[in-house]
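Got your viewer open? Here is a short tour, with something to select at each stop.

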Amino acid sequence: DRTTARTFLRDRLGLDWLRAFGRAASPTEECDFFRLCHLAVEGGIYADCDDWLLADADAILGDAPVMTLYREPSGALGNNIIAAPPRHPAILWAAVAARRALLERHNENIWAKTGPGLLTRAAAWHVAKSEASGEQPALRILPRWMLGGVVQYHSPMGYKFGSGYWNRAGTAGRLRHLAVWKRALVPPPSG
């Protein structure tokens, strides 16, 4: 939640990181920024709340200490599933760039400022820097279809149908037919 995120940013990264989080223009920007910060410090796997794990999470991480990303059909790198070791150079670069964009109130859209566009630029920077120094990039980019056996991504969630969802027109309409399927699979909460 926001309180835990703010505490983490203040205690682990400092007040300028907390200030950047406070300048996010939407919950999506907050989430995008926080995931980069948390992965930069702790590493691990990040998954959006609408992505359901279907198999062992180790299938996402793999054996090597590299960052694993998935290529979206558009060619950009998705940020809904990210696996990375702590302090991975591309995640650090993306977190710093997102902080700067939020603090300076860049007018870029969410996709470019804190989302997949930023992550794609960070991965490209890492590859170029690694190649320039004669090193192998610590990066694995897989096609999205490979994620399908491990994760059910972009599951229909109620918030996607609300007027405040940032990509309502682009996503919610395509997922509406799945809402009945989701309700059938997810039992109501016990109370």
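In which loop does R105 lie? Select R105 and you land between α5 and α6 (110–113), in the loop that joins the two. Keep in mind as you click around that this is a predicted model. The phi of R105 is near 55 degrees, which is positive even though the residue is something other than glycine. Most residues other than glycine have a negative phi. For exposure, R105 has 53% relative accessibility and counts as exposed.

Next, select R87. This arginine is in the loop between β4 (81–84) and α5. Its phi is near 60 degrees, again a positive value in a residue other than glycine. Is R87 buried or exposed? With a relative accessibility of 57%, R87 counts as exposed.

Now zoom out and color by secondary structure. The protein chain has 9 helices and 6 strands. Switch to a surface view: about 10,400 Å² of the chain is exposed, and 56% of that comes from carbon and sulfur atoms. Of the 191 residues, 42% count as buried. As for how the chain meets itself, take the contacts between residues at least 6 apart in sequence: 65% of them join residues at least 24 apart.

Time for the rings. The structure holds 3 aromatic pairs. Start by showing F8 and F34, an edge-to-face pair with 5.5 Å from centre to centre and 80 degrees between the planes. This pair links distant parts of the chain, since F8 sits in helix α1 (residues 2–13) and F34 in helix α3 (residues 27–42), 26 residues apart. F8 has a relative accessible area of 13%, so it counts as buried; the cut-off is under 20%.

Then select W93 and W125. Why does this pair count as stacked? The ring centres are 6.0 Å apart and the planes are at 20 degrees, and planes under 30 degrees apart count as stacked. W93 belongs to helix α5 (residues 89–103) and W125 to helix α7 (residues 116–132), so the pair ties together parts of the chain 32 residues apart in sequence. Both tryptophans keep some accessibility: W93 is partly exposed at 26%, and W125 is partly exposed at 28%.

While you have tryptophans on screen, add W17 and R99. R99 lies over the face of W17, 4.4 Å from the ring centre.

Go back to α3 and select the whole helix. α3 has 16 residues and reaches 22 Å from its first C-alpha to its last, close to the 22 Å expected. Which residues of α3 are buried? The list is E29, E30, D32, F33, R35, L36, C37, L39, A40 and V41. Charged residues are on that list too, including E29, D32 and R35. Step just past the end of α3 and you reach G43, with a positive phi of about 70 degrees.

Last stop: strand β3 (residues 67–71). Here 4 of the 5 residues are buried, so β3 is largely enclosed by the rest of the structure. Add strand β5 (residues 139–143) to the selection, and you will see the two running parallel, joined by 5 bridges. To pick out one partnership, label M67 and L139: L139 is the bridge partner of M67 in β5.

Terms used
Residues numbered from 1 in each chain as written. Predicted model: local features only at pLDDT ≥ 70, side-chain atom pairs only at ≥ 80, totals over all residues. Heavy atoms only, no water. Phe/Tyr/Trp six-rings, centres within 6.5 Å; stacked < 30°, edge-to-face > 60°. Buried < 20%, exposed > 50% of the residue type's maximum accessible area, 1.4 Å probe, protein only. Lys NZ or Arg CZ within 6 Å of the ring centre and 35° of its normal. Contact = heavy atoms within 4.5 Å. Areas by Shrake-Rupley, 256 points an atom, 1.4 Å probe, with all protein chains shown as cover. Expected span 1.5 Å × (residues − 1). Pairing = 2+ DSSP bridges.
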